[in-house]
Amino acid sequence: DVCSSDLLLYHILENSTAYDAIVEEVRSIKEASTTDVFTVEELKKMVKLDSMLDETLRLDNTLKSIRFRSVDRDVDLDLPLVDGTKMSFSVAKGTMIFLFPTIMHGDEEVFQNAEEFKWDRFLPIENKSPEFRKSGRLIANPVRSEEHTSELQSHSDLVCRLLLEKK
């Protein structure tokens with residue numbers, strides 16, 4: 001959606017450190033390019049822009065979408081309740097469930113200082129993607145789903161073009 005591009009551009013322009021780092025990254029990749037359009041490979045190299053996009057989606061996701069998924073294996077769950085007891089239940093492989101992923105986006109256990117916008121939260125550390133965990137379990141893709149990757153790349157391409165046009 002266009003809102004993602006608008007919000008991404010807003011956050012880039014709001015933070016001078018992020019702006020300088022991202023514009024430099026975009027310019028250096030564009031200078032080495034032989035095409036007028038950013039390729040998928042070039043967009044994948046833009047780790048600073050990508051980090052800003054993930055943080056924008058994490059805190060400002062206007063869709064707040066519910067996602068439907070099929071459970072890929074049998075799972076037994078013990079969920080803690082407010083009164084200190086647990087509710088136990090099993091979910092069978094193939095069961096359709098719905099998820100509200102944005103609940104996790106404000107979870108301090110998953111994201112340190114979760115309410116703070118940190119444009120560099122998702123930057124690689126020593127060439128390794130940062131890991132996010134809940135109850136000790138690794139969370140793969142804590143912000144975006146793989147099915148939205150090409151749509152998000154088109155948002156990134158639009159923002160890159162706008163940043164290069166800005167005088």
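Visitor: Is Glu 25 buried or exposed, and which side chain of opposite charge is nearest?

Guide: In this predicted model, Glu 25 is buried yet has no salt bridge. The nearest side chain of opposite charge is that of Lys 48, 5.3 Å away. A salt bridge needs the side-chain nitrogen within 4 Å of a carboxyl oxygen, so Lys 48 at 5.3 Å does not qualify.

Visitor: Which backbone nitrogen does the side chain of Glu 25 reach?

Guide: That of Leu 49, at 3.0 Å. Glu 25 itself is found in helix H2, residues 16–31. Leaving aside residues up to four places away in sequence, Glu 25 touches Lys 45, Met 46, Val 47, Lys 48 and Leu 49.

Visitor: Let's turn to empty space. How much of it lies in the largest pocket?

Guide: The general idea is friendly enough: rolling a probe the size of a water molecule over the atoms shows where empty space is left. Here, the largest pocket holds about 1800 Å³ of space. It is lined by 34 residues, and the closest to its centre are Ile 97, Leu 99, Met 104, Arg 137 and Ile 139. Elements giving two or more residues to this lining are strands S1, S2, S3, S4 and S6, and S2 gives the most, with 5 residues.

Visitor: Where is Arg 73 found?

Guide: Arg 73 sits in the loop between S1 and S2. With a relative accessible area of 45%, Arg 73 is partly exposed, because only values over 50% count as exposed. Not counting residues up to four places away in sequence, Arg 73 touches Val 91, Lys 93 and Arg 137. The C-alpha atoms of Arg 73 and Gly 94 are separated by 7.4 Å, though these residues are 21 apart along the chain.

Key:
Residues are numbered from 1 along each chain as its sequence is written. This is a predicted model: local features need pLDDT of at least 70, side-chain atom pairs count only at pLDDT 80 or more; totals for chains, interfaces and linings use all residues. Side-chain values use heavy atoms; hydrogens and water are left out. Helices (H or I, at least four residues) and strands (E, at least two) are DSSP runs, numbered from the N terminus. Buried means under 20% relative accessible area, exposed over 50%, partly exposed in between (1.4 Å probe, protein chains only). Lys and Arg count as positive and Asp and Glu as negative; His and the chain ends are not counted. A polar contact is a pair of N or O atoms within 3.5 Å; within protein, one must be able to donate a hydrogen and the other to accept it, and residues adjacent in sequence count only if both atoms are side-chain atoms. Contact means heavy atoms within 4.5 Å. On a 1 Å grid over the protein atoms alone, a cavity is a set of points where a 1.4 Å probe fits but cannot get out, and a pocket is an open set with protein on both sides within 12 Å along at least five of seven lines; lining residues have an atom within 4 Å of a point. Grid points are joined across faces, edges and corners, and a volume is the space filled by probe spheres set on the points.
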